[in-house]
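Trainee: Could you walk me through this protein and show me how each label is earned?
Mentor: Happily! Let's open it up and reason step by step.

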Amino acid sequence: MTSAPTAMTETDTDVLRDALGLLKDREQVAERLLDSSVRHSFDPDTELDWDAPLEEGKWFWPPELVSLYDTPLWRKMSLEQQQDLSRHEAASLASLGIWFEIILMQLLVRHIYDKPVTSAHVRYALTEIADECRHSKMFARMIQKGGAPAYPVSRLNHNLARILKTVSTTPGSFACTLLGEEILDWMQRLTFPDERVQTIVRGVTRIHVVEEARHVRYAREELRRQMVTAPRWERELTRISSGEAARVFSVAFVNPAVYTQVGLDRREAVAQVRASGHRSEVMQSGARRLTDFLDEIGVLRGVGRRLWRSSGLLA
């Protein structure tokens with residue numbers, strides 16, 4: 001594990017360096033992201049054919065990414081029941097995405113509140129907020145199109161997020177941003193080219209992957225900067241808060257109510273998912289690019305690292 005550099009002040013912009021090398025100028029990064037936003041942004045309301053009928057016999061999520069895949073319970077299910085579970089899990093993930101993006105938008109607004117309003121950094125944050133507004137509406141429309149219910153997170157996790165939005169430090173906010181974005185992004189990159197999956201779902205995931213690539217770049221660059229410049233207490237808090245967020249996120253990833261909806265015993269289904277080596281591999285594979293990055297910049301340390309391990313996202 002690479003040691004994190006000693007904290008520096010944000011005025012040392014010409015010499016800021018971490019384990020990954022010199023940090024890029026914040027304004028230059030934002031300008032490039034703004035240029036990309038002009039060239040590669042989408043309006044889901046007009047880009048996707050929402051009136052086209054759903055396709056008979058197609059999945060709503062690749063079967064290998066469905067939580068029960070390759071468990072004893074999965075092997076007892078009919079193909080129709082498996083595909084119906086994929087429909088409900090797609091709705092569950094979209095619901096989680098909306099919840100997360102609403103949190104992210106509030107964290108971004110807090111981040112830019114004290115920053116120069118004409119800077120490219122702030123302009124890009126506002127652009128990202130606009131992207132996330134469209135994504136949330138797109139996910140809501142996808143849920144309705146599939147005919148499954150929305151799946152809100154538990155009351156406990158809903159209120160834990162309320163606390164996070166209030167007390168999160170800047171590096172903690174960007175670490176949590178990456179947690180929510182990168183695992184789903186990995187899954188969606190497997191989904192949009194998959195011809196077994198409903199066309200509307202593939203279209204939604206394609207748009208999200210293209211636009212989220214900019215969001216991930218913005219968050220990674222800013223988290224690197226914060227882990228170099230933030231005071232020690234803030235870096236330590238970030239390690240713990242991101243680990244706790246990973247634990248909550250892994251639990252909330254699929255709402256257990258989906259199993260009841262397709263006629264399964266919820267308790268048995270949850271137990272088999274927890275015991276599934278395939279599911280563990282999927283979640284760790286989805287998180288690996290992120291956890292490698294967080295490890296290199298000094299986030300995965302101490303109690304925080306133990307929390308990440310307990311989440312199942314870190315081997």
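What follows is a chat about confidence, salt bridges, aromatic rings and the surface.

Trainee: What kind of model is this, and what is its mean pLDDT?
Mentor: It is a predicted model. The mean pLDDT of the protein is 92, and 96% of its residues reach 70 or more. Over residues 1–13, pLDDT stays under 50, and there the model has 32 contacts beyond four places in sequence.

Trainee: Why is the meeting of aspartate 84 and arginine 87 called a salt bridge?
Mentor: The rule asks for a side-chain nitrogen of Lys or Arg within 4 Å of a carboxyl oxygen of Asp or Glu. For aspartate 84 and arginine 87 the N to O distance is 2.7 Å, so the pair qualifies. Both residues lie in helix α4 (residues 79–112), three residues apart, about one turn of the helix. The structure holds 20 salt bridges.

Trainee: Why does aspartate 84 count as partly exposed?
Mentor: Buried means under 20% relative accessible area, and exposed means over 50%. Aspartate 84 has 22%, so it falls in between and counts as partly exposed.

Trainee: Which salt bridge does arginine 134 form, and where do its two residues lie?
Mentor: Arginine 134 pairs with aspartate 131, and their closest N and O atoms are 2.6 Å apart. Both are in helix α5 (residues 120–146), three residues apart, about one turn of the helix.

Trainee: Are arginine 134 and aspartate 131 buried or partly exposed?
Mentor: One of each! Arginine 134 has a relative accessible area of 21%, so it is partly exposed. Aspartate 131 has 2%, under the 20% cut-off, so it counts as buried. These two also belong to a network of salt bridges that links Asp131, Arg134, Glu211 and Arg214.

Trainee: What makes arginine 220 and glutamate 182 a pair that ties parts together?
Mentor: Arginine 220 forms a salt bridge with glutamate 182, with the closest N and O atoms 2.9 Å apart. Arginine 220 lies in helix α8 (residues 199–229) and glutamate 182 in helix α7 (residues 170–191), so the pair ties together parts that are 38 residues apart in sequence. Arginine 220 is buried because its relative accessible area is 14%, and glutamate 182 is buried because its value is 6%.

Trainee: How many aromatic pairs are there, and why is the one of tyrosine 124 and tyrosine 218 called tilted?
Mentor: Ring centres must lie within 6.5 Å to count as a pair, and by this rule the count comes to five aromatic pairs. Tyrosine 124 and tyrosine 218 are 4.9 Å centre to centre, with 50 degrees between the planes. Planes under 30 degrees apart count as stacked and over 60 as edge-to-face, so an angle of 50 degrees is tilted. This pair links distant parts of the chain, with tyrosine 124 in helix α5 and tyrosine 218 in helix α8, 94 residues apart. Both tyrosines are buried. Elsewhere, Trp59, Tyr69 and Trp74 form one aromatic cluster.

Trainee: How do you know that valine 117 is exposed?
Mentor: Its relative accessible area is 68%, over the 50% cut-off, so valine 117 is exposed. Valine 117 lies in the loop between α4 and α5.

Trainee: Which residues make the nonpolar surface patch, and why can leucine 160 be part of it?
Mentor: Leu156, Leu160, Ile163 and Val167 make a patch of about 380 Å². Patch residues need over 30% relative accessible area; leucine 160 has 32%, so it passes that cut-off. Leucine 160 lies in helix α6 (residues 155–167).

How values were computed:
Residues are numbered from 1 along each chain as its sequence is written. This is a predicted model: local features need pLDDT of at least 70, side-chain atom pairs count only at pLDDT 80 or more; totals for chains, interfaces and linings use all residues. Side-chain values use heavy atoms; hydrogens and water are left out. Patches are made of residues with over 30% relative accessible area and no salt bridge: like charges are joined within 9 Å, nonpolar side chains (Val, Leu, Ile, Met, Phe, Trp, Tyr) within 5 Å. Accessible areas come from the Shrake-Rupley method with a 1.4 Å probe; for residues, only the protein chains shown count as cover. Helices (H or I, at least four residues) and strands (E, at least two) are DSSP runs, numbered from the N terminus. Buried means under 20% relative accessible area, exposed over 50%, partly exposed in between (1.4 Å probe, protein chains only). pLDDT is the predictor's confidence in each residue, from 0 to 100. Contact means heavy atoms within 4.5 Å. Rings of Phe, Tyr and Trp (its six-membered ring) pair if their centres lie within 6.5 Å; planes under 30 degrees apart count as stacked, over 60 as edge-to-face and the rest as tilted.
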